[in-house]
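Me: I am new to reading protein structures and would like to go through one slowly, feature by feature. Could you explain each idea in general before turning to the case at hand?

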Amino acid sequence: MSAEADAPGATDATAAPVLAAEGLEVAFTGRTGRSTARAVDGVDLEIGAGEIVALVGESGCGKSTLARALLGLVRPSAGRVAFRGRGLGYRPRELKEVRRRVQLVLQDPTGALNPRHTVYEAVAEGRRIHSGSTADEEEHVAEALARSGLRPPERFFLRYPHELSGGQRQRVAIAGALVLQPEVIVADEPVASLDASVRGEILQLLLRLRDDHGLAALVVTHDLGLAWNIADRAAVMYLGRVVETGTVEEVLAAPRHPYTKALLSVLPEAGAGEPQILAGEPPDPTRIPGGCRFHPRCPVLASGAAQAAGVAERCRSEDPGMLGGSGAAAQVACHWAHAREAEPTG
Amino acid sequence: MNPTEHPPDTPAEQPANTAGGAGPAPYLEVDGLSVSYRAGGGEIPAVRGVSFGLASGSKLGVAGESGCGKSTVALALLRLLPRSARIGGRVLLDGDDVLDMRWGRLRAVRWAGASIVFQGAMHSLNPVQRVGDQIAEPLLVHGSAAPAQARAQVSELLEQVGLPAWRERSYPHELSGGQRQRAMIAMALACRPRLIIADEPTTALDVMIQAQILRLIDELVTGLDISMLMISHDLSVLAETCDRLAVMYAGRIVEEGPADEVFAAARHPYSAALSAAFPRVGDPASRRAPRGLPGDPPDPSELPSGCSFRPRCPEVQERCSEVDPVLWPAGPGRRAACVQVLSPEQEHSAAVRPQPQPEETG
C-alpha cells in the first residue's frame, strides 16, 4: 500500500529495531504444588524506529506480561529483550537508562496519577529522577504538556487530577512520559477506560507524536478497531505466542489464522459472514495444549476443514513454531493456512 | 397485593412514543422523567425530561458518554437511586407508576417485574456466598418457592445461561469475568421478569466473551419474549443488539430511532460523532484516522444556553445559542433534537413553546 511507504517507520526498516523481544519466555512459578504458568512462551517481536505496533489478544494471553518484560519490569526466564540491538541489563543503573528511553503509559490514568500531586509535579517527577531539578524544568514540563495537547500548559500546572476529565488525565500521564524524551512508548490499553469520544482524541495524539516526533509505540490492546485506527503492524497473541503478524492491512483485512478470523468475526457490525464465537474461556497458561496451542478451540479443526486439507494430525501433534519478529513479511503460525496456501489452485 | 396507585382512567397527556410505533402497548413507559441531585446547596439536574416507551419483547439501547445520565435513568426505573435524588415524571411498568408505588408493591416489581444486570459482576455478587444460593435468594423471597424447588430451578437457570449445574457450589472469585456475568444474568432471570435492564453488561469483557454474552442475552430475550433496555457507551454493540437506539447527551435524549439507521446515518451531530468514534475494521476511511469529539460534556450545574451540545458541535450555527431543541420527527420512526432537522415553522414554535408536542410519523 502506498500509505505504508509514506509512514516514517517504513523508511528505516533496515536499522536495528528500537525495542525487540528475542525468543522471549516469561514463566511464573506457581505456589507450592501448582504448576508453572508460561505467560510468554517464546516470542520474537520488534518495534522499529517511528513504528506503531499493536499487540492484540484476549485477557490472559500474555500480552501485558510481554509488555512488562519489554520495559524490564519482569525478568525473562529465557531469551532476551534488546534495546537498540543491545541486550537489556538488569542492574539498577542499566535499567534506569533504558527506562528513560522506553516509557510506559497505563490504562487507567486515575490510578496512575497521584491524587495529591499537581499536574506539574506529576509531569516533573520522572524528569527529576533522571536529571534532577534543573533550571529549565518548567520549560520542559510546559513543552511536554503542550505536546500532549494540554494548551496553554501553564493553565494546567496547579490543577489536581480530580479537577480534570478522563481524557485530560490520560494526556497528563502521556506528558509524564514525553518529558523524558523517550524513543518508544509502551501503552497498555491506553484508551480502554475512556469514553468513545475521548478515545479518538487520545489515539490522534499517539499518531501525531509518531508523525511529528518519530516516537515509536507498542500498543497493547484487545481492541482491533484501535489497531486499525493507528498501528502500522499488528501481532496477534494467543496463549503466550504470537500466532499471526504482518501489516495491519494484512492481518486485519486479510487474516489467515483461524483465531484472528474468529476475533474479527465477532466485532459488532462486522458485516459479512456468520460470527464465529469460540466456546469457553482462553485456556490456562499452566496447561498449554500440545501440538498447535489453539487446536482445542480451533473452528477449522472442528469443522473438518483441517482434516480435508490433510493437516489435522499435525494440528494435534506438531507445534507450528515461533514467528519472526520483524514483520517484514506477513507470517502465520497455522498448519492449515500453510497447507491451503501451498495448494497450486487458490 | 395489587394496588393501582393512580386511577387507571387518568388520561395520558403526553403519550410517550412506543418503541415499535403502532405496536402492542408498551410494557414500560417513561414519561418526562427528571432526576436531580442535591449537592452543595443547589440542585444538579442529571436527567432532564426523558420520555420513551418499550413494547413487550422489544430491545431498546441507550447510549451516551459517562455523566450523560443513562445509568441514572436505569436506576430510576426501579427507584434504586440514593435519597439525595429528586425524581419527577412517571415510570409506568405495565400501567403501574413505579415512582409512587408502595414499598411492598415495589419489592414485588423488582426482580419479578423488571430486573437489572449490572456492569461489574464482581461487585454485584456477594463474594462470600455461593453462586447458587445467590440465584436462589430472589426465588425464595419473591417466587415463594420451597427450598428444594428453588434448587431445581437454580440448576435449570444455570443451564440456561450456559454454566454447568455444579457451578452453583462455586464462589464468585472462582468464576471468570464472563462466567460471573452469566451468573448475574441467571439471577436476573430467576423470577421470570418481563423486562431486563442491562447496564453496560459487557463493558469489562474481552471481545470473544462479549460476543458470547451478547448472543446469550439475545437468545434469552427473544426466546422468553422479555423486553430489554440495554445501556452502554458502545454504540456499535447497541446497534448490533437492539431494535431501537436512544442517544443521550447532558441528561436528555437527543436522538432516537431504529438502531441501524441511527448508527449508520445519524441525524444529530452528537450521535454522528459518537458513531464515527467506533471504527469499522477494514474500512479505508478510518484507517490511520481515529475520530473523536473534542471537548468534554457540559457540567450539569452550568449548562450552556440554547442547545447544550453547542460548545462541542462541529456544525454549530448562530441560532443554536437561542433555540433549545427538543425531539422532533426526523424521518419515519425517528426523532432528533437539533435545529437542523427542524423545518422553519417548527423552529418558530420550538422557540416559542417550551414543550411542543411533535406529531409522530410512522
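Me: In which sense do strand β10 and β11 of chain A pair, and over how many bridges?

Reply: Please keep in mind from the start that this is a predicted model. Strand β10 of chain A, which covers residues 241-247, pairs with β11(A) in the antiparallel sense, and the pairing runs over two bridges. One can follow this down to single residues, since A:Glu244 has A:Val332 in β11(A) as its bridge partner.

Me: Which sheet has β10 and β11 of chain A in its order, and how many strands does that sheet have?

Reply: To read a sheet, go through its strands in their order in the sheet and then look at the edges. Here the order is β6-β7-β8-β3-β9-β10-β11 in chain A, an open sheet of seven strands with mixed pairing. At its edges stand β6 (102-105) and β11 (331-332) of chain A, and because each has a single partner strand, one side of each is left without a neighbour in the sheet. A helix also belongs to this picture: α3(A) lies across β3 (52-56), β7 (184-188), β8 (216-221) and β9 of chain A, and runs at about 150° to β8(A).

Me: What is the strand order of the open sheet of four strands in chain A, and which pairing does it have?

Reply: That sheet has the order β2-β1-β4-β5 in chain A, and its pairing is antiparallel. Its edge strands, which pair on one side only, are β2 (37-47) and β5 (86-87) of chain A. Between β1 of chain A, residues 19-28, and β2(A) there are eight bridges, again in the antiparallel sense, and within this pair A:Ala27 stands opposite A:Arg38 of β2(A). Helix α3 of chain A, residues 63-70, packs on this sheet, where α3(A) touches β1, β2 and β4 (78-83) of chain A and its direction makes about 120° with that of β1(A).

Me: Into which domains is chain A divided, and how many residues does each bring to their contact?

Reply: For domains, look at their bounds and then at the residues that join them. Chain A is divided into domain 1 (16-238) and domain 2 (256-342), with 30 Å between their centres, taken over C-alpha atoms. Domain 1 of chain A brings 21 residues to the contact and domain 2 of chain A brings 18 residues. On the domain 1 side, β1, β2 and β9 (233-238) of chain A each supply at least two residues, and the largest share, eight residues, comes from β2(A).

Me: At what angle do α6 and α7 of chain B pack, and how far apart are their axes?

Reply: Two packed helices are described by the angle between their axes and the distance between the axes. Helix α6 of chain B (residues 177-189) and α7(B) pack at an angle of about 15°, with their axes 10 Å apart, which means that α6(B) is roughly parallel to α7(B). Their crossing is right-handed. Among the residues that meet are B:Ile185 and B:Leu189 in α6(B), and B:Ile213 and B:Leu216 in α7(B).

Me: How many residues does each chain give to the contact of chain B with chain A?

Reply: Each side is counted separately, with 32 residues from chain B and 32 residues from chain A. On the side of chain B, α7 (207-223), α8 (235-241) and α10 (269-276) each supply at least two residues, and α7(B) gives the largest share, five residues. By class, this side of chain B has 14 nonpolar, nine polar and nine charged residues.

Notes
Residues are numbered from 1 along each chain as its sequence is written. Chains are lettered from A and ligands numbered from 1 in the order in which they are written. This is a predicted model: local features need pLDDT of at least 70, side-chain atom pairs count only at pLDDT 80 or more; totals for chains, interfaces and linings use all residues. Two residues are in contact if their C-beta atoms, placed from the backbone, lie within 7 Å. Ala, Val, Leu, Ile, Met, Phe, Trp, Tyr, Cys and Pro count as nonpolar, Asp, Glu, Lys and Arg as charged, and the others, Gly among them, as polar. Axes are lines fitted to C-alpha atoms, for helices over the stretch in contact, and angles run from 0 to 180 degrees between N-to-C directions. Angles under 35 degrees count as roughly parallel, over 145 as roughly antiparallel, 65 to 115 as roughly perpendicular and the rest as oblique. A crossing is left-handed if the near helix is turned anticlockwise from the far one by less than a right angle, and right-handed if clockwise. Two strands pair if DSSP finds at least two bridges between them. Domain bounds come from an automatic or database domain assignment.
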